Amino acid sequence: MSAASAPKTPILHVDMDAFFVSVAIRDRPELRDVPAAVGGGPRGVVTCANYAARAFGVRSAMSGVQARRLCPPLVSVPLDHDLVSQVSAAVREIFGRFTPSVEMVSVDEAFLDVRSAVRLLGSPVTIAERIRAEVLAEQRITCSVGVAMSRGVAKVASRHAKPDGVVVVPPEELTTFLHPLDVGELYGVGPKARARLHRLGFSTVGDLATTPLPVLVQALGPGSAARLHRLAHGTDGDGRSAPRRPLETDRSIGAQETFGRDLHAGRDRAAIVSELLRLSARVGRRVRAAGCVGRTVTLTVRFADFRTITRSRTLTQPTDVTQEVHATAVGLYDALSVGDDSRLRLVGVRVEGLLPRERTPRQGMLGERRRGWRDADLAVDRAVERFGKGVVGPASLLR
DNA sequence: TCTGGGGTCCTAGGACCC
DNA sequence: TCTGGGGTCCTAGGACCC
């Protein structure tokens, strides 16, 4: 069948295998077959485990303690943000050789609409194998590819292809492939939704697919019902449908950090305020680098018992000024009615409602004071760019 | 020595306006 | 004076994904 007359177009979902750890160890051949993971510090969790570690049961989001209990020889490797971005961009460039329609969904995965490529380059499977070969040859990491007529099915297929493989789900095999799967395999169905669906009697994708939509709406509400109905039928959008919303700019930029030890809300206020400054500075720099301003500042506080709350305030004027972000965050912190004895595990700062700076009319009379803060920020940004992080920072962080 | 950090999206209630 | 409804913004929480 020719691509032009095809009722739908094949979608490739390409997913790097254990991306973060693969990148971290690709220049360390001695670790190739050794269990290794990124993350998993004293108070941390495993960010990404390689397949040797997964053989021991080590999984992402597992605490470092538990991972080491399962796999004593586990080697911890540091995450190299810059290298990850670099490899991600290189992989993105490889995808671009095969089709102009590439939608990166994160650093390590993408949807490719190969409609225009099949005539020139061969079947989707052939294209998938060529992509994998070029990624391996140039970046020395492996990836897996799912091929199907919809995004949702391609995504499930790539997971089944892992590691280092290809899974194709032609239309005539859709039901055989999809229906026996647990509902938890569908994109967007996490542990909570899965448990709820199981309680309602929907254990497999087939259970969903064979239930009339109105019945699903009754049980799940219109939004979830429609989404799951489409996913279960493999009709959640082919390459023709536009990506949900092209990400021109980020919607929000934030930073958070777990303390090395829990802090007391009252007694350690100074340390908390200073941590909020560090986080605000990090966020402010990224907001300015993105050429944005944001309207809402959100403070996150996690207590020792892991209860987590957020408090937000919308400013009258969007900002990219570190000092304003920090002042707002501290105001939100001081307005919390937590006992001085509360123990805090983490604080975070996020700027939301981002808009391109040049598209934001600045109301006249920008105060002298405010302009001064912003000029100081820009000077710091330039210094950081030249000399690296840690060289320049707010004076109150120096001790 | 349980449980990171970066995000997006959805829901729901209340305020406020028309 | 009473009654009604729709739309939007703000805030808080939570599910989910990588």
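Two residues are in contact when heavy atoms of theirs come within 4.5 Å of each other. By that yardstick, 64% of the contacts in chain A with a separation of 6 or more link residues 24 or more positions apart. The model is a predicted one, and chain A runs to 399 residues, 44% of them buried. Its C-alpha trace spans about 65 × 55 × 50 Å along the principal axes, and the secondary structure adds up to 15 helices and 12 strands.

The domain assignment splits chain A into three pieces: domain 1 (9-147 + 154-168), domain 2 (179-233) and domain 3 (252-397). Between the C-alpha centres of domain 1 and domain 2 there are 28 Å.

Two DNA strands come with the protein, and strand B is a good place to start. There are 24 residues around DNA strand B, and those that come nearest are Ser252, Gln256, Thr258, Arg286 and Arg345. Of the strand B atoms within 4 Å of the protein, sugar and phosphate make up 67%. Some individual contacts put names to this. A polar backbone atom of Gln256 sits 2.5 Å from a phosphate oxygen of DNA strand B. Thr258 works through its side chain instead, with an N or O atom there 2.6 Å from a phosphate oxygen of the strand. Arg350 also reaches a phosphate oxygen of DNA strand B, at 3.1 Å from a polar side-chain atom.

As for where this surface comes from, strand E9 (252-264), helix H13 (269-289) and strand E12 (343-356) each put in at least two residues. E9 has the largest share, at 7 residues. Sorted by class, the surface near DNA strand B holds 10 charged residues, 7 polar and 7 nonpolar.

On to DNA strand C, which has 19 residues around it; Asp108, Lys155, Ala193, Ser312 and Thr314 come nearest. Here 100% of the strand atoms within 4 Å of the protein belong to sugar or phosphate. Thr314 offers a side-chain N or O atom at 2.3 Å from a phosphate oxygen of DNA strand C. Val189 uses its backbone, where an N or O atom lies 3.4 Å from a phosphate oxygen of the strand. With Ser106, the partner is a sugar or linking oxygen of DNA strand C, 3.1 Å from a polar side-chain atom. Two elements, helix H9 (191-199) and E11, give two or more residues to the surface near DNA strand C. E11 gives the most, with 6 residues. The class breakdown for this surface reads 7 charged, 6 polar and 6 nonpolar.

Turning to the interior, the largest nonpolar core has 29 residues, and the members touching the most others are Ile272, Leu276, Val301, Tyr333, Leu344 and Val347. Each of E9, H13, strand E10 (292-303), strand E11 (308-319), helix H14 (322-335) and E12 supplies at least two residues of this core. H13 gives the most, with 6 residues. So E9, H13 and E12 each supply at least two residues to the core and at least two to the surface near DNA strand B. Val347 shows what the packing looks like close up. Beyond residues up to four places away in sequence, Val347 touches Gln256, Glu257, Phe259, Ile272, Glu275, Leu276, Leu279, Thr300 and Val301. One of these partners, Gln256, is also among the residues that come nearest to DNA strand B. A second core, separate from this one, has 26 residues, including Val156, Leu181, Leu186 and Leu197.

Two residues outside the DNA story deserve a look too. Asn50 sits in the loop between strand E3 (46-49) and helix H2 (51-54). Despite being a loop residue, Asn50 counts as buried because its relative accessible area is 7%, under the 20% cut-off. Leaving out neighbours within four places in sequence, Asn50 is in contact with Ala18, Val21, Ile25, Leu31, Arg32, Val34, Pro35 and Ala36.

Arg151, for its part, belongs to helix H7 (residues 151-161). With a relative accessibility of 14%, Arg151 is buried as well. The side chain of Arg151 makes a polar contact of 2.5 Å with the side chain of Glu103.

How values were computed
Residues numbered from 1 in each chain as written. Chains lettered and ligands numbered in written order. Predicted model: local features only at pLDDT ≥ 70, side-chain atom pairs only at ≥ 80, totals over all residues. Heavy atoms only, no water. Domains from an automatic or database assignment. Near = heavy atom within 4 Å. Polar contact = N/O pair within 3.5 Å; in protein donor to acceptor, adjacent residues only side chain to side chain. Helix = DSSP H or I, 4+ residues; strand = E, 2+ residues; numbered from the N terminus. Nonpolar A, V, L, I, M, F, W, Y, C, P; charged D, E, K, R; others polar. Core = buried A, V, L, I, M, F, W, Y, C linked by side-chain atoms within 4.5 Å. Buried < 20%, exposed > 50% of the residue type's maximum accessible area, 1.4 Å probe, protein only.
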